[in-house]
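Q: Could you take a close look at how helices pack against one another in this model, going slowly enough for someone in the first year of study?

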Amino acid sequence: MLAQEAVNSGDTAWVLVCAGLVLFMTPGLAAFYGGMVRTRNVLAMLQQNMIALGVVSLTWVLVGYTIAFGDDAGTGLFGNLELFGLTDLRVPPAPHLHVIAGQVTIPTLAFVAYQMMFAVITPALVTGATAGRLKFAGWVAFLAIWSIVVYAPVAHWLWHPDGWLARFGAQDWAGGMVVHASAGAAVLGTLLVVGRRRGWPRTASPPNSIPLTILGAGILWFGWFGFNGGDGLQANGLAAQALINTHLAAAAGMLVWLVAERVKDGHSTVVGGVSGAVAGLATVTPAAGYVNTVSAIAIGAIAGFVCHFALRLKYLLRLDDALDVLAVHFVGGMLGSLLVGFFGDSGVNPLGKDGLFFGGGGSLLWHQIVGVVTVVAFSFVLSWAIAAAVQAVLGLRAPADVQDNLDHAQQDADAYHLGGVAGLNGSGAPQRRQPGAGRAAERPTRPVQNARLVTATVNPTLLPTTRELRDALVGAGATSIVLSDATVSTAEPTARSLPRGYWQDQDLVGRARVEVVVEREAVPAVLDVLGRYGAERSDGFVQDVQLATDVR
């Protein structure tokens, strides 16, 4: 290797910040996926993503980095093992690393750390497709093996100056092929091993927390500035171009997805908006440092349209991709890699090439096609082999009887502890309560003669506040009120909208169960009150009761 120039503090600081941004994307991805799964699988999903920070960080330092960025072993397929465990760092990263002119001016460890974060998040993308089906031990083994056997060689092919695809002429700025296409192909191979969820595609899974998903998407968008902005390894105009391209492609992808969603489904949703943004981000990733601003907007817009309609891909392939990783990341990564062949502009980056739309002819597009096909085929075959081996030795697919409750099976814990009743509106102004100002004395305590127990279910959405229900029932003669969660059957299934244009029929719907102790004469008045909140008399009942105080 050539000698390293003096370390540039500005470039070093920028790359270190970008490494932190890319690291932040892994918990962002965990939140993005965690909000989309069933309530009882949230902790399992979060752990499957976060464990990549532990496992892949170590495999990268021990052997992944030297395979990806060590001196080429002579074939262009992988690096030698001289940097095993980072025991010899006398030489810097290879100069002219696929994107920058001049010598590398950052410390080797800064480059190691930055590239480590890419290695961490790439296999984590697979968890969105396999949601609800992975055994934790098997997943850890898959992570470790895949990061070494698949990711590191592909990174060498495209991001090392002596990698065979780099020499061939394929270009991948920040991971359209190395990250998104390879992870998408891994999804294909892994799903063949872990199979489908019980009842798919007839049974849909409602998300447990769309706000958590939106928060995760925001973190991903923020972290993507480091994902694409730092790949030039320099704090300069090219970094600024890559950053602005990243943001505008996300914006264009969001808007086009929302329009497509409105036309196709009749409404635009917040989940659709962030899905379009992530699709734009994934698609512009291989092009961010090679195209101009207008081209980046066009790439994002194309991504919003194509990836939205690629949601049907999993049904065509009969693969249970739970959270649409194929449509957003796989299709987006391949699409963006091919679009470099159309929108590449050497005026933006002298190390880039002109694409078809900028007078470069079809040679760059041909190089991109070869790169995409090769990476996808390599990752698919090896991912299937790794998943099959792990399944045979440790087990990769979780047993069917625990897939709907992985949190209990794997962690013996719950993500949430609040029921629907606790989430109802209460009364009270946002001010400090004065000492002794409790309301315990207002609880109805008068003795009851000829007590009756009235039980009915009401619609919580019709209750402005719990205080209104309480006051109305007390006014009707109630002396004791109990409110609890309930799920009741419906005469006609209720259609429930799910993210990204999916829906499911709800045969059982959530209600609040109300139990009221009242004197016999006041029963009609109590039933009238409950009727105002959706209680049907045919579904309720009245019982004679004996109060506990009357038991001798």
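A: For the angles below, axes are lines fitted to C-alpha atoms, for helices over the stretch in contact, and the angle runs from 0 to 180 degrees between the N-to-C directions. Two packed helices are described by the angle between their axes and by the distance between those axes. Please keep in mind that this is a predicted model.

With that in hand, consider helix α8, made of residues 210-229, and helix α9, made of residues 237-265, which pack at an angle of about 140° with their axes 8 Å apart. Because angles over 145 degrees would count as roughly antiparallel and those from 65 to 115 as roughly perpendicular, the pair α8 and α9 is oblique. The crossing of these two helices, α8 and α9, is right-handed. On the side of α8 the contact is made by W221, W224, F225, N228 and G229, and these meet A239, A242, L243, T246, H247, A250, A251 and M254 of α9. Sorted by class, the residues of this contact between α8 and α9 are nine nonpolar and four polar, with no charged ones.

Before α8 comes a loop that links α7 to α8, and P201 is found in it. The peptide bond between W200 and P201 is cis, with omega at about 5°.

Helix α7 itself, residues 176-194, packs with helix α14, residues 363-393, at an angle of about 40° and with 7 Å between the axes. That angle makes α7 oblique to α14, and α7 passes α14 in a right-handed crossing. The contact draws on many residues: in α7 they include M177, A181, A185 and L188, and in α14 they include G371, V375, F380 and W384. Counted by class, the contact of α7 with α14 has 14 nonpolar and eight polar residues, and no charged ones. As for α14 taken alone, its 31 residues reach 45 Å from the first C-alpha to the last, close to the 45 Å expected at 1.5 Å a residue. After α14 comes G395, whose phi is positive, near 90°.

A further pair can be read in this way, namely helix α10, residues 270-284, and helix α13, residues 325-343, which pack at an angle of about 40° with their axes 7 Å apart. Here α10 is oblique to α13, and the crossing of α10 and α13 is right-handed. In α10 the residues S275, V278, A279, A282 and T283 meet V328, H329, G332, G333, L335, G336 and L339 in α13. The contact of α10 with α13 is made up of six nonpolar and six polar residues, with no charged ones.

Finally, two details lie outside these pairs. Helix α1, residues 9-34, should span 38 Å because it has 26 residues at 1.5 Å a residue, and its end C-alpha atoms are indeed 38 Å apart. The N-terminal end of α1 is capped by N8, where a side-chain oxygen lies 2.9 Å from the backbone nitrogen of G10. In the loop between α2 and α3 one finds L86, a residue that has a positive phi of about 55° although it is not a glycine.

Notes:
Residues are numbered from 1 along each chain as its sequence is written. This is a predicted model: local features need pLDDT of at least 70, side-chain atom pairs count only at pLDDT 80 or more; totals for chains, interfaces and linings use all residues. Side-chain values use heavy atoms; hydrogens and water are left out. Helices (H or I, at least four residues) and strands (E, at least two) are DSSP runs, numbered from the N terminus. Angles under 35 degrees count as roughly parallel, over 145 as roughly antiparallel, 65 to 115 as roughly perpendicular and the rest as oblique. A crossing is left-handed if the near helix is turned anticlockwise from the far one by less than a right angle, and right-handed if clockwise. Contact means heavy atoms within 4.5 Å. Ala, Val, Leu, Ile, Met, Phe, Trp, Tyr, Cys and Pro count as nonpolar, Asp, Glu, Lys and Arg as charged, and the others, Gly among them, as polar. The expected span of a helix is 1.5 Å times one less than its number of residues. A polar contact is a pair of N or O atoms within 3.5 Å; within protein, one must be able to donate a hydrogen and the other to accept it, and residues adjacent in sequence count only if both atoms are side-chain atoms.
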